[in-house]
Amino acid sequence: MTAAVLKKEKAAVKKETGNQAGKHTGLMALYHKELADHLRSNRFLIILLLILGTSIASLYGAVSGLSDAISQDSNFVFLKIYTTSGNSIPSFMSIIALMGPFVGLTLGFDAINSERNNGTLNRLVAQPIYRDSIIIGKFLAGNAVIMIMVFTMGIFVGAVGVMATGLVPQTEEVLRVLTFLIFTVVYMDFWLGLSILFSVVCRHSATSAMAVIALWIFFTIFMSMVANIIANAAYPITTQYQAMLNTMNNYTLKLGLNRISPYYLYSEAVSTVMNPTVRSVNVVTMQQLEGAISGYLSFGQSLLLVWPHLTGLIALMLVAFGGSYIGFMRQEIRN
């Protein structure tokens, strides 16, 4: 009797272990398949060439305007390769903030609906894999492509900048650049998760792409206008008396509304990390400025200023991917 019970228990453990291994194998197989599809696609090549071209243009503008930037501030010169604009060419940091959503939405806007329209999703779920491995594998593959692209471009810009200018980066500057690249990966991952969400909700790829592009344009261009209108309506500052009473509340409300936008949240965070002269990301009164000593923040102090931004970006990314995960798991796949 005891031997029979032990035999059943061993069989159950073996079955459970096999199920877990099968789930892991299915996820990794899908991850490698999606990653290979991304890297071999013409879409990835076009995105890579676009980011490479804009990075080279920003690097040219930074090198041409570096002398003027150094004349104003000769400290942390290596960081100016990423933050300096020149001759109507935006900086590398500004280009990434603007083009990052495009990379994420391009990788994910047809992740699910294209499989459904092509009839391959039914065959995919018929395989001995868990359904959540499909959506997780697609997100992880897109995240891997984003990491490869971001760190390749970041290191490329730094290496070419070093060769062109002869600068030797300090350890703190390297840490700040790595932090900037990590923020960029999380920022693009949010747009990847959002595009996958719309690919789950929308049946056609064009519809999901247009929806994500509309949100991209709204958060990048119109969110600041909406925040300004709401803040001026709640705390008007049209007269001198209103300005004296409402300026602080007006600015605080406007800042809070702008931080709903991932574009503003990311831009504010990386500007703080890449510019050690930034000592605060909130309202600073004249009383707080009295007696303050001008100087630079250390890397650790800058991280203390921006860790809420990183937490907010990670939360937005998890909400976007969580919505796509729940929607896909509750969705009827069979026709």
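A contact here means heavy atoms within 4.5 Å of each other. Keep that in mind for the exercises below. The model is predicted, so local features need pLDDT of at least 70 and side-chain atom pairs count only at pLDDT 80 or more, while totals for chains, interfaces and linings use all residues. Residues are numbered from 1 along each chain as its sequence is written, and side-chain values use heavy atoms, with hydrogens and water left out.

**Exercise 1. Describe the chain as a whole.**

Step 1: start with secondary structure. The chain has 14 helices and 0 strands; helices (H or I, at least four residues) and strands (E, at least two) are DSSP runs, numbered from the N terminus.

Step 2: turn to contacts. Among those with a separation of 6 or more, 80% join residues 24 or more positions apart.

Step 3: look at burial. Of the 335 residues, 41% count as buried, where buried means under 20% relative accessible area, exposed over 50%, and partly exposed in between (1.4 Å probe, protein chains only).

Step 4: add the surface. The accessible surface comes to about 17,700 Å², and 66% of this belongs to carbon and sulfur atoms; the areas come from the Shrake-Rupley method with a 1.4 Å probe, and for residues only the protein chains shown count as cover.

**Exercise 2. Follow the salt bridges around lysine 138.**

Step 1: recall the rule. Side chains of opposite charge can pair when their charged atoms come close. A salt bridge is a side-chain nitrogen of Lys or Arg within 4 Å of a carboxyl oxygen of Asp or Glu, and this rule gives 8 salt bridges.

Step 2: take the first partner. Lysine 138 and glutamate 34 meet at 2.8 Å, N to O. Lysine 138 is in helix 8 and glutamate 34 in helix 1 (residues 2-40), 104 residues apart, which links distant parts of the chain. Both residues are buried.

Step 3: take the second partner. Glutamate 115 also forms a salt bridge with lysine 138, with the closest N and O atoms 3.1 Å apart. Glutamate 115 lies in helix 6 (residues 113-118) and lysine 138 in helix 8, so this pair ties together parts 23 residues apart in sequence. Glutamate 115 is buried as well.

Step 4: put the pairs together. Lys33, Glu34, Asp37, Glu115 and Lys138 are linked in a network of salt bridges.

**Exercise 3. How far apart in helix 9 are glutamate 172 and arginine 176?**

Step 1: find the pairing. Their side chains meet in a salt bridge at 3.0 Å, N to O.

Step 2: count along the helix. Being 4 residues apart, the two are separated by about one helical turn.

Step 3: check exposure. Glutamate 172 is partly exposed at 23% relative accessible area, whereas arginine 176 counts as buried at 0%.

**Exercise 4. Where does helix 14 bend, and what does its buried side pack against?**

Step 1: get the length. Helix 14 (residues 299-329) has 31 residues and reaches 42 Å from its first C-alpha to its last, close to the expected 45 Å; the expected span is 1.5 Å times one less than the number of residues.

Step 2: locate the bend. Helix 14 bends by about 45 degrees at valine 306, and proline 308 follows within four residues. The bend is the angle between axes fitted to the seven residues ending there and the seven starting there.

Step 3: name the neighbours. Buried residues of helix 14, including Val306, His309 and Phe321, belong to a set that packs against helix 7 (120-125), helix 8 (131-165), helix 9 (171-201) and helix 12 (262-274).
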